[in-house]
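Subject: Two-chain model, handover and notes

Hello,

Please find the structure below. My notes on it follow directly after.

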Amino acid sequence: MPDAALTNEPKSIVCDGNEAAAWAVSLAKPDMVAVYPITPQSSLVEYVSQFIADGKIDADLMDVEGEHSVMSVLHGACLAGARTYTATCGPGLYYMFEPYVRTPGMRLPIVMSVVTRDGLTPQSVWGGQQDAMMLRETGWIQIYCESVQEVLDSLIMAFRIAEHRDVMLPVNICHDGNYLSYGVTKVFLPEQEMVDDFLGDKDTNWHVALDPDRPMSVDPLTGGEGPGGPSTFVRYRQGHCAGMQNALRVITETHEEWERKFGRCYAPLIEEYRLDDADYAIVTIGSMSGAGKDAVDVAREQGQKVGLIRVKTFRPFPMEALRNTLTKVKAIGVVDRSVSFAWNCGPVFQEIQAALYQLKERIPAISFIGGLAGSDITGEHFARVIEATGNQLAGDMTESPVWLNENE
Amino acid sequence: MASKILAKAIVEEGQFALAIPSFGFERRGAPVTAFLRVDDKEIRTVTNIYNPDNIICIDPTISRAVDIFKGFRNGGIWVQATKKSLDNLDIPETVAKLGLCDAFGIALDIFNKPITNSIMLGAFAKTSGMVSLDSLKEGLTTANFRDAGLDQNMAAIERGYNETQVHQIN
């Protein structure tokens, strides 16, 4: 299944997002990968398995009986000092949940791709970000990619972010099922030596370890009547929150270093597109953003002063960056690929409303929900989004949420 | 797989390509569609295609179940796997150029199975001129074929190219 040998080959290949992710894993040189396949992640772990079988990745592969075991295996490996990776989505992710939730509290720098898939139920095997959005309050870092190249680059950066001593937290790199997982295009492969230099030596268990030479209690009972009482538990939480806040700086620095070294520039937290002289903006996340940018270009040609804001880092929430960005516009429309059942809107919209509260002046906003269960968010959909968002400036308000694919 | 090989061939010729397979139901034999964009600059839009300029239909019978011409742009290119001749086909007015290839017959010859994918890539290259036979072969060599499978598919692309009848319609 792999396309070309890593060494002595041209620096670009044509592949889909799942294969690009596997190449990133190869370049990051993990010691342990545990897998259980599930659509639309399956081909990703098949590529990784093939790379390991071919000797291209010098890692142990554990093909276990389910996702709960996948994450448990990675816990043990990470505590023993290994660099670790896995990928999952949808129902597989739900099955993984118990050890998944333990991971950040133990401050284990595990990297995991979420190849996003819409939630249950009704049954669906297609793309959508409901699974990833379910992870909002688990304390993992969460980064959403726009393109296949960004999948590859972000996944390598994830190891450096996770293992940074000011962070020490697990990272999810999210790429949209169907559109990025199977979308085929040309990507550039970084040089192995440069990636080695960029990532440095693995550094996963200086703080917590399964090591007979330095015995320690891992994941101890705390709080309530337990040893250490509530204050120990509170210190865990404070440290975790501090690590998340540090991650904002580390993610930014890591992207800057990536650009210096590899020449590809990405906004680390919040991307601004044609925003400098914009009156209003649409907000996007993930693979829909490219079509959104093209739609903004079309609207600009028609005289609309519209821009685009892309949320790349969603956890930790880039409050300051977003606030600075939002002060540039007078109205927004937020497009989500998932649903917040509690708030009857999209989850990105809901969180941006919290950011809007911090602005001096209140600006109107609409929640759009589209692209559920593999449905598309096209240029035509974005034209509707842009029009309704702009109409708010003239006092013509639209009631949220707007379901973009409800008549398809 | 076919759209990936075509994307590789297009990139080989210095252009940008973005291919997205649209998955239907998870069973063998279910109708599937794949979309491919080509441009001379980087492609940002990652969506399906609703108004294609070109249609490659690799199944001789699928048009009984699916309207393959939905959204087809005027002046487009249609490449069809079929044994039928020009006179026995319903050709929409939107079609400007038509390539016909007995891909089923060639596939039975080469693979002993009705696998028409790589044959129809050859047929597309011949009909459209958008990509050369050499680039297609180059795209195939970096795809996941080895030994006999690679040789068979090389032959398939070549026969698809050579045995396609191209008709200027409008």
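A residue is called buried here if 20 or more other C-beta atoms lie within 10 Å of its own, exposed if 12 or fewer, and partly exposed in between, with C-beta atoms placed from the backbone. Please keep in mind that this is a predicted model.

Helices of chain A

By that cut-off, helix α1 of chain A (residues 17-28) is mostly covered, with 12 of its 12 residues buried. The buried residues of α1(A) are Gly17(A), Asn18(A), Glu19(A), Ala20(A), Ala21(A), Ala22(A), Trp23(A), Ala24(A), Val25(A), Ser26(A), Leu27(A) and Ala28(A). From first C-alpha to last, α1(A) reaches 16 Å, close to the 16 Å expected for its 12 residues at 1.5 Å a residue. Lys29(A) follows α1(A) and has a positive phi, near 50 degrees.

Helix α3 of chain A (residues 67-79) has 13 residues and spans 18 Å between its first and last C-alpha, close to the expected 18 Å. Its buried residues are Glu67(A), Val70(A), Met71(A), Val73(A), Leu74(A), His75(A), Ala77(A), Cys78(A) and Leu79(A). The cover over the buried residues of α3(A) includes strands β2 (32-35), β3 (60-63) and β4 (84-88) together with helices α4 (90-95) and α5 (97-105), each from chain A. Gly81(A), just after α3(A), takes a positive phi of about 105 degrees.

Domains of chain A

The domain assignment splits chain A into domain 1 (12-199) and domain 2 (270-403). Taken over C-alpha atoms, the centres of these two domains are 28 Å apart. How many residues of each are in contact? Domain 1 of chain A contributes 21 residues and domain 2 of chain A contributes 20. On the domain 1 side, α6 (130-133) and β6 (141-144) of chain A each supply at least two residues. β6(A) gives the largest share of that side, four residues. By class, the side of domain 1 that touches domain 2 has nine nonpolar, eight polar and four charged residues.

Contact between the chains

The contact between chain A and chain B takes 22 residues from chain A and 20 residues from chain B. On the chain B side, α1 (2-12) and β1 (16-22) of chain B each supply at least two residues. The largest share of that side, six residues, comes from β1(B). The class count for the side of chain B that touches chain A is 10 nonpolar, six polar and four charged residues.

Strand pairing also links the chains: β8 of chain A (residues 184-188) and β1(B) pair in the antiparallel sense over two bridges. Within this pairing, Val184(A) stands opposite Ala19(B).

A sheet in chain B

Chain B has an open sheet of four strands in the order β3-β4-β5-β6, with mixed pairing. β3 (54-57) and β6 (165-168) of chain B stand at the edges with a single partner strand each, so one side of each is left without a neighbour in the sheet. On average, neighbouring strands of this sheet are turned by 10 degrees against each other, direction ignored. Strands β4 (residues 76-81) and β5 (residues 95-101) of chain B run parallel and are joined by six bridges. One of the bridge partners is Val95(B) in β5(B), which is matched with Gly76(B).

Backbone points to check

Most residues other than glycine have a negative phi, and most peptide bonds are trans. The following places depart from that.

- Leu120(A) and Thr121(A) are joined by a cis peptide bond, with omega at about -10 degrees. Thr121(A) is in the loop between β5 (111-116) and α6 of chain A.
- Thr121(A) and Pro122(A) are also joined by a cis peptide bond, with omega at about 10 degrees. Pro122(A) lies in the loop between β5 and α6 of chain A.
- Asn344(A), not a glycine, has a positive phi near 55 degrees. Its place is the loop between β13 (331-336) and α12 (347-356) of chain A. Asn344(A) is exposed, because 12 other C-beta atoms lie within 10 Å.
- Ala373(A) has a positive phi of about 50 degrees although it is not a glycine. Ala373(A) is in the loop between β14 (365-369) and α13 (379-391) of chain A. It counts as partly exposed, because it has 19 C-beta neighbours inside 10 Å.

Regards

Key. Residues are numbered from 1 along each chain as its sequence is written. Chains are lettered from A and ligands numbered from 1 in the order in which they are written. This is a predicted model: local features need pLDDT of at least 70, side-chain atom pairs count only at pLDDT 80 or more; totals for chains, interfaces and linings use all residues. Domain bounds come from an automatic or database domain assignment. Two residues are in contact if their C-beta atoms, placed from the backbone, lie within 7 Å. Ala, Val, Leu, Ile, Met, Phe, Trp, Tyr, Cys and Pro count as nonpolar, Asp, Glu, Lys and Arg as charged, and the others, Gly among them, as polar. Two strands pair if DSSP finds at least two bridges between them. The expected span of a helix is 1.5 Å times one less than its number of residues. Axes are lines fitted to C-alpha atoms, for helices over the stretch in contact, and angles run from 0 to 180 degrees between N-to-C directions.
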